[in-house]
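Biologist: Please take one part of this protein and look at it closely, beginning with its largest pocket. After that, connect the pocket to the metal site and to whatever else in the chain deserves attention.

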Amino acid sequence: VAEEERSKRLGSKVLVVVAHPDDVDFAAAGTIALWRRNSAAITYCMVTSGELGGADPDCPPEKMAVTRRAEQTAAAHVLGVTDIRFLGYPDGEVAATARLRRDICRVIREVRPDRLVTHSPEIAWEFLVVSHPDHRATGEAAISAAYPDATNPRAHPLLRRDEGLGPWHVPELWIMGSPHPNHFVDITDVFELKLAALGSHASQGVLDAPEAAARLRQRQGSVAAHGGLPHDRLAEPFQVVRSGNLG
Ligand SMILES: [Zn+2]
(Lines give C-alpha, C1' and ligand atoms only; values in the text may rest on other atoms or scores of the structure.)
Protein backbone atom coordinates (compact mmCIF):
# COMPACT_ATOMS: atom_id res chain seq x y z
CA VAL A 1 0.00 0.00 0.00
CA ALA A 2 2.87 2.38 0.80
CA GLU A 3 4.27 1.52 -2.61
CA GLU A 4 0.88 2.38 -4.19
CA GLU A 5 0.79 5.72 -2.37
CA ARG A 6 4.32 6.53 -3.42
CA SER A 7 3.47 5.65 -6.99
CA LYS A 8 0.59 8.11 -6.99
CA ARG A 9 3.12 10.88 -6.49
CA LEU A 10 5.03 9.71 -9.56
CA GLY A 11 4.13 10.50 -13.15
CA SER A 12 5.05 14.17 -13.37
CA LYS A 13 7.66 13.35 -16.00
CA VAL A 14 6.93 10.54 -18.42
CA LEU A 15 9.04 9.09 -21.22
CA VAL A 16 7.36 6.87 -23.81
CA VAL A 17 9.67 4.69 -25.93
CA VAL A 18 7.95 2.91 -28.83
CA ALA A 19 8.91 1.25 -32.10
CA HIS A 20 6.57 2.97 -34.59
CA PRO A 21 4.34 6.00 -35.03
CA ASP A 22 0.81 5.01 -33.85
CA ASP A 23 2.00 2.44 -31.25
CA VAL A 24 1.55 4.82 -28.34
CA ASP A 25 -1.88 5.87 -29.58
CA PHE A 26 -3.18 2.29 -29.89
CA ALA A 27 -1.85 1.22 -26.51
CA ALA A 28 -1.87 4.29 -24.32
CA ALA A 29 -3.43 7.44 -25.85
CA GLY A 30 -6.20 7.48 -23.23
CA THR A 31 -3.73 7.14 -20.37
CA ILE A 32 -1.48 9.83 -21.86
CA ALA A 33 -4.51 12.17 -22.16
CA LEU A 34 -5.30 11.63 -18.46
CA TRP A 35 -1.70 12.26 -17.42
CA ARG A 36 -1.64 15.46 -19.48
CA ARG A 37 -4.79 16.59 -17.63
CA ASN A 38 -2.69 16.29 -14.48
CA SER A 39 -0.01 18.45 -16.13
CA ALA A 40 2.53 15.67 -16.64
CA ALA A 41 5.45 16.55 -18.93
CA ILE A 42 5.52 13.84 -21.58
CA THR A 43 8.22 12.96 -24.11
CA TYR A 44 7.79 10.50 -26.98
CA CYS A 45 10.79 8.64 -28.35
CA MET A 46 10.10 6.78 -31.62
CA VAL A 47 12.75 4.21 -32.53
CA THR A 48 11.68 4.03 -36.22
CA SER A 49 9.62 6.30 -38.43
CA GLY A 50 7.33 3.43 -39.47
CA GLU A 51 8.25 3.63 -43.15
CA LEU A 52 7.14 0.03 -43.86
CA GLY A 53 3.56 0.78 -42.81
CA GLY A 54 0.62 1.89 -44.89
CA ALA A 55 -1.65 0.49 -47.57
CA ASP A 56 0.38 1.63 -50.60
CA PRO A 57 3.28 -0.81 -51.27
CA ASP A 58 4.72 1.54 -53.93
CA CYS A 59 5.07 4.57 -51.67
CA PRO A 60 8.84 5.26 -51.33
CA PRO A 61 9.95 4.55 -47.76
CA GLU A 62 11.55 8.00 -47.35
CA LYS A 63 8.24 9.61 -48.27
CA MET A 64 6.27 7.36 -45.93
CA ALA A 65 8.68 8.18 -43.10
CA VAL A 66 8.04 11.92 -43.55
CA THR A 67 4.26 11.33 -43.63
CA ARG A 68 4.30 9.16 -40.54
CA ARG A 69 6.44 11.53 -38.52
CA ALA A 70 3.99 14.33 -39.36
CA GLU A 71 1.02 12.12 -38.44
CA GLN A 72 2.57 11.16 -35.10
CA THR A 73 3.34 14.79 -34.38
CA ALA A 74 -0.31 15.69 -35.08
CA ALA A 75 -1.57 12.79 -32.94
CA ALA A 76 0.67 13.90 -30.08
CA HIS A 77 -0.65 17.46 -30.33
CA VAL A 78 -4.22 16.12 -29.95
CA LEU A 79 -3.14 14.90 -26.50
CA GLY A 80 -1.04 17.97 -25.70
CA VAL A 81 2.34 16.28 -26.22
CA THR A 82 4.95 18.37 -28.06
CA ASP A 83 8.32 16.80 -27.20
CA ILE A 84 8.83 14.06 -29.79
CA ARG A 85 12.14 12.49 -30.74
CA PHE A 86 12.70 10.18 -33.72
CA LEU A 87 15.76 7.95 -33.53
CA GLY A 88 15.47 6.97 -37.22
CA TYR A 89 16.24 3.25 -36.95
CA PRO A 90 15.03 1.20 -39.96
CA ASP A 91 11.46 -0.05 -39.62
CA GLY A 92 11.16 -3.83 -39.45
CA GLU A 93 14.78 -4.38 -38.40
CA VAL A 94 14.83 -3.23 -34.77
CA ALA A 95 17.15 -5.26 -32.55
CA ALA A 96 18.08 -4.61 -28.93
CA THR A 97 21.67 -3.70 -29.78
CA ALA A 98 24.13 -1.86 -27.53
CA ARG A 99 23.79 1.12 -29.89
CA LEU A 100 20.01 1.30 -29.50
CA ARG A 101 20.36 0.90 -25.70
CA ARG A 102 22.81 3.78 -25.69
CA ASP A 103 20.52 5.99 -27.79
CA ILE A 104 17.55 5.31 -25.47
CA CYS A 105 19.79 5.71 -22.40
CA ARG A 106 20.75 9.15 -23.72
CA VAL A 107 17.08 10.19 -23.87
CA ILE A 108 16.42 8.77 -20.39
CA ARG A 109 19.34 10.72 -18.92
CA GLU A 110 18.25 13.91 -20.73
CA VAL A 111 14.57 13.68 -19.80
CA ARG A 112 15.08 12.12 -16.32
CA PRO A 113 11.58 10.59 -16.25
CA ASP A 114 9.93 9.15 -13.14
CA ARG A 115 7.88 6.84 -15.36
CA LEU A 116 8.98 4.98 -18.49
CA VAL A 117 6.34 3.55 -20.82
CA THR A 118 7.42 0.95 -23.36
CA HIS A 119 6.52 -2.32 -25.09
CA SER A 120 6.69 -5.75 -23.53
CA PRO A 121 9.65 -7.84 -24.68
CA GLU A 122 7.42 -10.89 -24.14
CA ILE A 123 5.03 -12.44 -26.64
CA ALA A 124 1.32 -12.04 -25.85
CA TRP A 125 0.05 -15.15 -27.64
CA GLU A 126 -3.63 -14.20 -27.28
CA PHE A 127 -3.13 -10.92 -29.16
CA LEU A 128 -0.09 -11.42 -31.35
CA VAL A 129 -0.37 -8.10 -33.22
CA VAL A 130 0.89 -6.26 -30.10
CA SER A 131 3.99 -8.49 -30.09
CA HIS A 132 5.48 -7.29 -33.40
CA PRO A 133 9.21 -8.11 -33.35
CA ASP A 134 10.09 -4.38 -33.47
CA HIS A 135 7.92 -3.88 -30.37
CA ARG A 136 9.61 -6.70 -28.46
CA ALA A 137 13.10 -5.51 -29.43
CA THR A 138 12.25 -1.92 -28.48
CA GLY A 139 10.87 -3.07 -25.12
CA GLU A 140 13.97 -5.16 -24.47
CA ALA A 141 16.27 -2.26 -25.35
CA ALA A 142 14.29 0.36 -23.40
CA ILE A 143 14.06 -1.75 -20.25
CA SER A 144 17.79 -2.49 -20.45
CA ALA A 145 18.48 1.21 -21.06
CA ALA A 146 16.56 2.05 -17.87
CA TYR A 147 18.17 -0.72 -15.88
CA PRO A 148 21.07 -1.18 -15.67
CA ASP A 149 22.37 1.30 -18.27
CA ALA A 150 20.87 4.63 -17.15
CA THR A 151 21.69 3.98 -13.48
CA ASN A 152 25.27 2.86 -14.04
CA PRO A 153 27.72 5.77 -14.49
CA ARG A 154 30.16 3.37 -16.16
CA ALA A 155 27.66 2.26 -18.83
CA HIS A 156 27.96 4.01 -22.23
CA PRO A 157 30.83 6.13 -20.80
CA LEU A 158 30.83 8.66 -23.65
CA LEU A 159 27.37 9.87 -22.60
CA ARG A 160 28.86 11.11 -19.36
CA ARG A 161 32.26 12.16 -20.68
CA ASP A 162 31.24 13.94 -23.90
CA GLU A 163 27.62 14.89 -23.28
CA GLY A 164 27.57 15.50 -19.54
CA LEU A 165 24.72 13.04 -19.00
CA GLY A 166 25.01 11.52 -15.53
CA PRO A 167 23.17 8.48 -14.19
CA TRP A 168 19.41 8.45 -13.66
CA HIS A 169 17.19 5.98 -11.85
CA VAL A 170 13.72 5.39 -13.36
CA PRO A 171 11.43 4.43 -10.46
CA GLU A 172 8.57 3.00 -12.48
CA LEU A 173 8.06 1.08 -15.74
CA TRP A 174 4.69 0.86 -17.48
CA ILE A 175 4.74 -2.03 -19.95
CA MET A 176 2.30 -2.04 -22.87
CA GLY A 177 1.11 -5.22 -24.59
CA SER A 178 2.23 -7.37 -21.68
CA PRO A 179 0.85 -10.90 -21.27
CA HIS A 180 0.72 -10.10 -17.53
CA PRO A 181 -1.18 -6.81 -17.10
CA ASN A 182 -1.62 -5.79 -13.46
CA HIS A 183 -2.95 -2.25 -13.85
CA PHE A 184 -6.00 -1.03 -15.79
CA VAL A 185 -6.47 2.68 -16.49
CA ASP A 186 -10.10 3.81 -16.88
CA ILE A 187 -10.07 5.83 -20.12
CA THR A 188 -13.84 6.08 -20.62
CA ASP A 189 -13.87 9.87 -20.24
CA VAL A 190 -11.11 10.40 -22.81
CA PHE A 191 -11.97 7.68 -25.32
CA GLU A 192 -12.94 10.29 -27.94
CA LEU A 193 -9.49 11.88 -27.58
CA LYS A 194 -7.93 8.47 -28.17
CA LEU A 195 -9.99 8.10 -31.35
CA ALA A 196 -8.91 11.57 -32.46
CA ALA A 197 -5.24 10.71 -31.89
CA LEU A 198 -5.60 7.44 -33.80
CA GLY A 199 -7.43 9.27 -36.59
CA SER A 200 -4.30 11.39 -37.13
CA HIS A 201 -2.55 8.33 -38.58
CA ALA A 202 -4.43 8.67 -41.88
CA SER A 203 -1.83 6.84 -44.01
CA GLN A 204 -2.43 3.71 -41.91
CA GLY A 205 -6.19 3.75 -42.40
CA VAL A 206 -6.52 2.99 -38.71
CA LEU A 207 -10.14 4.08 -38.39
CA ASP A 208 -11.20 3.70 -42.05
CA ALA A 209 -13.37 0.61 -41.62
CA PRO A 210 -16.87 1.65 -40.51
CA GLU A 211 -16.77 -0.73 -37.54
CA ALA A 212 -13.18 0.12 -36.48
CA ALA A 213 -14.09 2.56 -33.69
CA ALA A 214 -16.78 0.22 -32.37
CA ARG A 215 -14.32 -2.69 -32.39
CA LEU A 216 -11.77 -0.65 -30.46
CA ARG A 217 -14.44 0.40 -27.95
CA GLN A 218 -15.40 -3.25 -27.54
CA ARG A 219 -11.79 -4.28 -26.95
CA GLN A 220 -11.15 -1.57 -24.35
CA GLY A 221 -14.43 -2.62 -22.75
CA SER A 222 -13.32 -6.22 -22.37
CA VAL A 223 -9.98 -5.01 -20.98
CA ALA A 224 -11.93 -3.01 -18.36
CA ALA A 225 -14.06 -6.07 -17.49
CA HIS A 226 -10.91 -8.20 -17.22
CA GLY A 227 -9.45 -5.55 -14.89
CA GLY A 228 -12.53 -5.63 -12.65
CA LEU A 229 -13.78 -2.14 -13.57
CA PRO A 230 -17.53 -1.43 -13.40
CA HIS A 231 -19.79 -2.34 -16.31
CA ASP A 232 -19.59 -0.08 -19.41
CA ARG A 233 -16.15 1.30 -18.61
CA LEU A 234 -13.20 1.31 -21.05
CA ALA A 235 -9.61 0.66 -20.03
CA GLU A 236 -6.00 0.38 -21.23
CA PRO A 237 -3.92 -2.43 -19.66
CA PHE A 238 -0.34 -2.15 -18.37
CA GLN A 239 2.13 -4.21 -16.42
CA VAL A 240 3.47 -1.72 -13.88
CA VAL A 241 6.88 -2.56 -12.43
CA ARG A 242 7.99 -0.50 -9.43
CA SER A 243 11.27 0.57 -8.00
CA GLY A 244 11.81 -2.35 -5.66
CA ASN A 245 12.23 -4.58 -8.70
CA LEU A 246 14.54 -2.17 -10.49
CA GLY A 247 17.53 -2.28 -8.17
ZN1 LIG B 1 4.07 -0.87 -34.03
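Modeller: In this predicted model, the element that gives the most to the lining of the largest pocket is α8, with six residues. Helix α8 spans residues 212-226. Other elements that give two or more residues to this lining are α2, β5 (172-176) and β7 (235-242). The lining has 39 residues in total, and the space in the pocket comes to about 1000 Å³. Nearest the centre of the pocket lie Phe127, Val129, Val130, Gly177 and Arg219. By residue class, the lining holds 17 nonpolar, 14 polar and eight charged residues. Space of this kind is found by rolling a probe the size of a water molecule over the atoms, which shows where emptiness is left.

Next comes the metal site. The zinc ion has as its protein donors ND1 of His20, two OD atoms of Asp23, and NE2 of His135. These atoms lie 2.0 to 2.8 Å from the zinc ion. Angles among the four donor atoms run from 51 to 124°. The site counts as irregular because a tetrahedral one would need all angles between 85 and 135 degrees, and a square planar one would need opposite donors over 155 degrees apart. Along the sequence, the donor residues follow the spacing H-x2-D-x111-H. Distant parts of the chain are linked by the two histidines: His20 is in the loop between β1 (13-18) and α2 (23-37), while His135 is in helix α5, 115 residues apart. His20 and His135 are both buried.

Helix α5 covers residues 133-146, and the loop from there to α6 (157-163) holds Ala150. Pro148 is in that loop between α5 and α6 as well, and the peptide bond leading to Pro148 from Tyr147 is cis, with omega near 10°. In general, most peptide bonds are trans, and most residues other than glycine have a negative phi.

Asp149 also has its place in the loop between α5 and α6. Asp149 counts as buried because its relative accessibility is 3%. Beyond its neighbours within four places in sequence, Asp149 is in contact with Arg101, Cys105, Arg109, Ser144, Ala155 and His156. Ala150 counts as buried too, since its relative accessibility is 0%. With neighbours within four places left aside, the contacts of Ala150 are Cys105, Ile108, Arg109, Ala145, Pro167 and Trp168. Between the C-alpha atoms of Ala150 and Gln239, 89 residues apart along the chain, the separation is 21 Å.

Two residues with positive phi belong in this account. Arg112 is not a glycine, yet its phi is about 55°. Arg112 is in the loop between α4 (98-111) and β4 (115-119), and it counts as partly exposed because its relative accessible area is 37%. The other is Ser39, whose phi is near 65°, again a positive value in a residue other than glycine. Ser39 sits in the loop between α2 and β2 (41-48). With a relative accessible area of 59%, Ser39 is over the 50% cut-off and is therefore exposed.

Strand β4 contains Thr118. Thr118 counts as buried because its relative accessibility is 0%. Residues touched by Thr118, not counting those up to four places away in sequence, are Val17, Thr138, Gly139, Ala142, Ile143, Trp174, Ile175 and Met176.

Last is Gln72, placed in helix α3 (residues 61-79). Gln72 has a relative accessible area of 0%, so it is buried. Not counting residues up to four places away in sequence, Gln72 touches Pro21, Asp22, Val24, Asp25, Tyr44, Met46, Ile84, Phe86 and His201. The C-alpha atoms of Gln72 and Cys45 are separated by 11 Å, and the two residues are 27 apart along the chain.

Terms used: Residues numbered from 1 in each chain as written. Predicted model: local features only at pLDDT ≥ 70, side-chain atom pairs only at ≥ 80, totals over all residues. Heavy atoms only, no water. Helix = DSSP H or I, 4+ residues; strand = E, 2+ residues; numbered from the N terminus. Buried < 20%, exposed > 50% of the residue type's maximum accessible area, 1.4 Å probe, protein only. Contact = heavy atoms within 4.5 Å. Donors = N, O, S within 2.8 Å, 3.2 Å for Na, K, Ca; no water. Tetrahedral: all angles 85-135°; square planar, octahedral: opposite > 155°, others 65-115°. 1 Å grid on protein atoms, 1.4 Å probe; cavity = no way out; pocket = protein on both sides within 12 Å on 5 of 7 lines; lining within 4 Å. Points joined across faces, edges and corners; volume = space filled by probe spheres on them. Nonpolar A, V, L, I, M, F, W, Y, C, P; charged D, E, K, R; others polar.
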